[in-house]
Structures are given as C-alpha cells and as structure tokens.
Amino acid sequence: MSFNYQRIIIKIGSNVFTKENGLPDLQRIEHLVGQIAAIKKQGKEVILVSSGAVASGRSLITISEKYDAIAARQLLASIGQVKLINTYSSLFERFNILCSQVLVTKEDFRDRMHYLNMKNCLELLLQHQVIPVVNENDVVSVTELMFTDNDELAGLIASMLNAQALIVLTNVDGIYNGDPKAPGSTVIEEVAGSVVDFATFVSSGRSQFGRGGMITKSTMSQKTAQLGIAVHIANGTRDHILTDVLENKVIHTRFVPNKTASGKKKWIAHSEKSATGAVKVNDGARAALISSKATSLLPVGIVNVITDFKKGDIIKLLDEKNKLIGLGIAEYGADKAKERIGQKNQKPLVHYDYLYLQG
Ligand SMILES: Nc1ncnc2c1ncn2[C@@H]1O[C@H](COP(=O)(O)OP(=O)(O)O)[C@@H](O)[C@H]1O
Ligand SMILES: N[C@@H](CCC(=O)OP(=O)(O)O)C(=O)O
C-alpha cells in the first residue's frame, strides 16, 4: 500500500545535508531534489524545511576561534543561507521548478499577525506551484528565541498548513527501541494510538551536526500525528528514500495520524500544561457545553478573555466561578474573540470536535 498524500512537508536535517567533514553534501542534496521534483510532478504540494545554513557557511569562510558559538553560528548562517538557497534554486531550475526562501522565527508563530502573514504567503506560493524552502532565521534567533531544532519548526509548519504528511529525513533509519548502534536494537515501524514515553529508550544525545536529537523528533511527531497528520521518520542518506517512503517500501518509523475526533479530544485532554490562553464562559454556555448534546463554544457565551492566545492554541474554558470546565483548540485568536464577546451568529471559538470537557 502506498501513501497518497496531497500536501507534504519534507524536513532535511543537518545530518542529511552535511557530510562528515561538516560541509554540504551536494550529491545527496541533488539526489533529494530529483525525488522532490518527481513528487511535485505528480501534482502534489511540497514544502521543504531544510537545515544547512551553518554547514553551507562553513564551506565559504573560516572564522577565528575567538568568537563565541552564538556569534559564529549567526555569521555562518547568514553567509551560508545564501548558498543554501542558491543550491536549491539552481537544482530545482533543472526541473523547471521555482523555489522560494522563507525564513522564520519562533516569534512568528506566537504573533497572530505574523502567523497569518506567513500562512497566507505559503498558501500563495503553493498556489503558484512554487516549493517554499523554509529555515529558521538564525541571524535573529539566538538562545531562548530559538526553536529546539528544525523538527519543531517542521511540525509547526505541518499543522499550520494542514498537511497530510510530514517526512523527517535524518541519518538513521527511524526511531530505534534502544541505542541505534547497539546490537539487537530495531526500528519501531509504527507508533499508533496511546502516548509513548520515548525518553525511556531514546537517548538525549544527538548526532554530530544535529541540534535537538531524536527526543524532539519523537515528541513533535506524536503531537503532530495526534492532530491528524502522518509523520514518517526515515534515513535521508539512503538512495530513493522519499519515493520508497511514499511507496511504503523501506523500513522507517511511521506515526499513524489520528483520524478520529475522539482521539484529538484525548490529546487535548493531556495538554493542560500547554494551554496558553483562557476564556470565561457564562452559566448558559456552561450548561450547553456539559449537556449531552454536541455543542461548540460560541462567542455569545463568552464573558471574558482572561489570557491571550492565538489561532490553533489550546485554551482553558473556565466557568463564572473560575472552575476549569474543559480545554479546546481556538479557531481564532484572542483579538477576534474579544471583538466577538457576547455576540450572536459568530463562528465558534472552539469547535465541538476540538473540545475536551472535564468529566
Ligand atoms: N533510540 C534512538 N533511535 C534513533 N536515533 C537515536 C536514538 N537515540 C538517539 N538517537 C540519535 O538521534 C540522531 C538524530 O537526531 P538529530 O541529531 O537531531 O538529527 P537531524 O540533524 O537529522 O535532525 C541520530 O543520529 C542518533 O544518533
Ligand atoms: N537552522 C540551522 C539548523 C538547525 C538544526 O540544526 O536543526 P536540525 O537539523 O533539526 O538538527 C541551519 O540551517 O544551519
């Protein structure tokens, strides 16, 4: 059985982009671009999230050791991103495909305006048959402003664009049930349903040029799959890997997407700690929500926005006595919710399918 996804995010990790000597692996990149072009020619939409700015910078300049790691990374990435995008651009050109550069920061996912600008631009690029090449803006993202790594960024892009699948290419065959190098460790081929604690068998160590390691891949993949997006973790250093993953012909790890609304609710139920915003609802809304009828939270029943949030965030629903009634995914951000407080005939703030009510 092959996977017939229409919108696919492909993430190329530092370790796939880079050779052992820290320089870009141009042959590998060329081979991957050929496969992406073939996928695109089938009428599918592809968004590429690619690491490699620092590695590309390293191939162009040597910098003195007197600079600290942060300054060195900024400098290398700033120089290297030009080379990275030029490399992709000239390789895609061979297939008459246009690609574009999209550099983002963590802040762009927190700020609603930035979020919508980014989403609208990516949609527009896809409508114009362009392959967006996304990377973190390493020049401005330093220390706490940074994504854990580009896996986190790829997961956010996948849910923002409602992709069917995210393929994460790394330098191992998938997630192993122990140390990948230890004899007897095997690749976990399928992760479905209940939440798995990967920390028990995935070590926090990362490979030579990676940033987050396999733990962030596992956490991000579980979250993304719970939102209904399939995640495949596969070995990008193997030939024909993308076509083989899509044809289900190669061993790798697949996180089965949660297709049921109840599964999504289950995931939301575990997400109280990640809830960013909170709204207070009136007694009428409370009664409607906890009744046996499937009811969404409408602005007419909202009394107050207590803490701000953006579209897609998990928010807490509190009653008039500040008791937690449930959690849900916001269909729009706090600004719009505030404008609509108490108004009739408005779009639900939380759709029933994305609403979990405390028992
Ligand atoms: N249980 C495990 N299964 C697979 N890889 C693991 C595991 N534990 C640790 N790793 C390490 O995670 C690395 C991949 O993550 P990372 O360094 O972030 O790569 P990338 O740059 O491709 O994102 C592997 O090279 C491997 O050494
Ligand atoms: N943005 C950086 C890469 C960040 C990073 O290392 O991410 P990852 O490949 O996921 O470990 C770059 O382009 O060099």
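# Questions on a predicted model

User: In this predicted model, which residues does aspartate 244 touch, not counting residues up to four places away in sequence?

Analyst: Aspartate 244 belongs to helix α9, which covers residues 241–246. Leaving out residues up to four places away in sequence, aspartate 244 touches Asp239, Lys249 and Val250.

User: Is aspartate 244 buried or exposed?

Analyst: A residue counts as buried when its relative accessible area is under 20%. The relative accessibility of aspartate 244 is 19%, and therefore this residue counts as buried.

User: What distance separates the C-alpha atoms of aspartate 244 and alanine 234?

Analyst: Along the chain, aspartate 244 and alanine 234 are 10 residues apart. In space, their C-alpha atoms are separated by 9.9 Å.

User: What is the strand order in the open sheet of eight strands?

Analyst: This open sheet has mixed pairing. Its edge strands, each pairing on one side only, are β3 (99–104) and β6 (190–191). The order is β3-β4-β2-β1-β5-β7-β8-β6.

User: Which residue in β4 is the bridge partner of leucine 48?

Analyst: Strands of a sheet pair through backbone hydrogen bonds, either parallel or antiparallel. Strand β2 (residues 45–50) pairs with strand β4 (residues 131–136) in the parallel sense, over two bridges. The bridge partner of leucine 48 in β4 is valine 133.

User: At about what angle to β1 does helix α2 run?

Analyst: Helix α2, residues 26–41, lies across β1 (7–12), β2, β4 and β5 (165–170). Its direction relative to β1 is about 175°.

User: Why does the distance between the end C-alpha atoms of α2 agree with the expected span?

Analyst: The expected span is 1.5 Å times one less than the number of residues. Helix α2 has 16 residues and should therefore span 22 Å. The end C-alpha atoms of α2 agree with this, being apart by 22 Å.

User: What is the sign of phi at glycine 43?

Analyst: Glycine 43 follows α2. Its phi lies near 90°, and the sign is positive.

User: Across which strands does helix α8 lie?

Analyst: Helix α8 is formed by residues 213–226 and runs at about 155° to β7. The strands that α8 lies across are β1, β5, β6, β7 (230–235) and β8 (253–255).

User: With which side chain does the side chain of lysine 11 make a polar contact?

Analyst: Lysine 11 is in strand β1, and an unreviewed UniProt entry annotates Lys11 as "binding site". With a relative accessible area of 4%, lysine 11 is buried. Its contacts beyond four places in sequence include Val49, Asn150, Asp151 and Lys217. The polar contact, at 2.9 Å, joins the side chain of lysine 11 to that of aspartate 151.

User: What is the relative accessibility of serine 56?

Analyst: Serine 56 is found in helix α3 (residues 53–58). Leaving aside neighbours within four places in sequence, serine 56 is in contact with Phe17, Pro24, Gly80, Lys83 and Leu84. Serine 56 counts as buried, as its relative accessibility is 1%.

User: In the open sheet of five strands, which strands are at the edges?

Analyst: The order of this sheet is β10-β9-β11-β12-β13, with mixed pairing. The edge strands, each pairing on one side only, are β10 (302–307) and β13 (355–357).

User: Which residue in β10 is the bridge partner of valine 279?

Analyst: Strand β9 (residues 277–281) runs antiparallel to β10, and four bridges join them. The bridge partner of valine 279 in β10 is valine 305.

Notes: Residues numbered from 1 in each chain as written. Chains lettered and ligands numbered in written order. Predicted model: local features only at pLDDT ≥ 70, side-chain atom pairs only at ≥ 80, totals over all residues. Heavy atoms only, no water. Pairing = 2+ DSSP bridges. Buried < 20%, exposed > 50% of the residue type's maximum accessible area, 1.4 Å probe, protein only. Contact = heavy atoms within 4.5 Å. Axes fitted to C-alpha atoms, helices over the stretch in contact; angles between N-to-C directions. UniProt positions renumbered as here; feature names shortened; annotations may be inferred. Polar contact = N/O pair within 3.5 Å; in protein donor to acceptor, adjacent residues only side chain to side chain.
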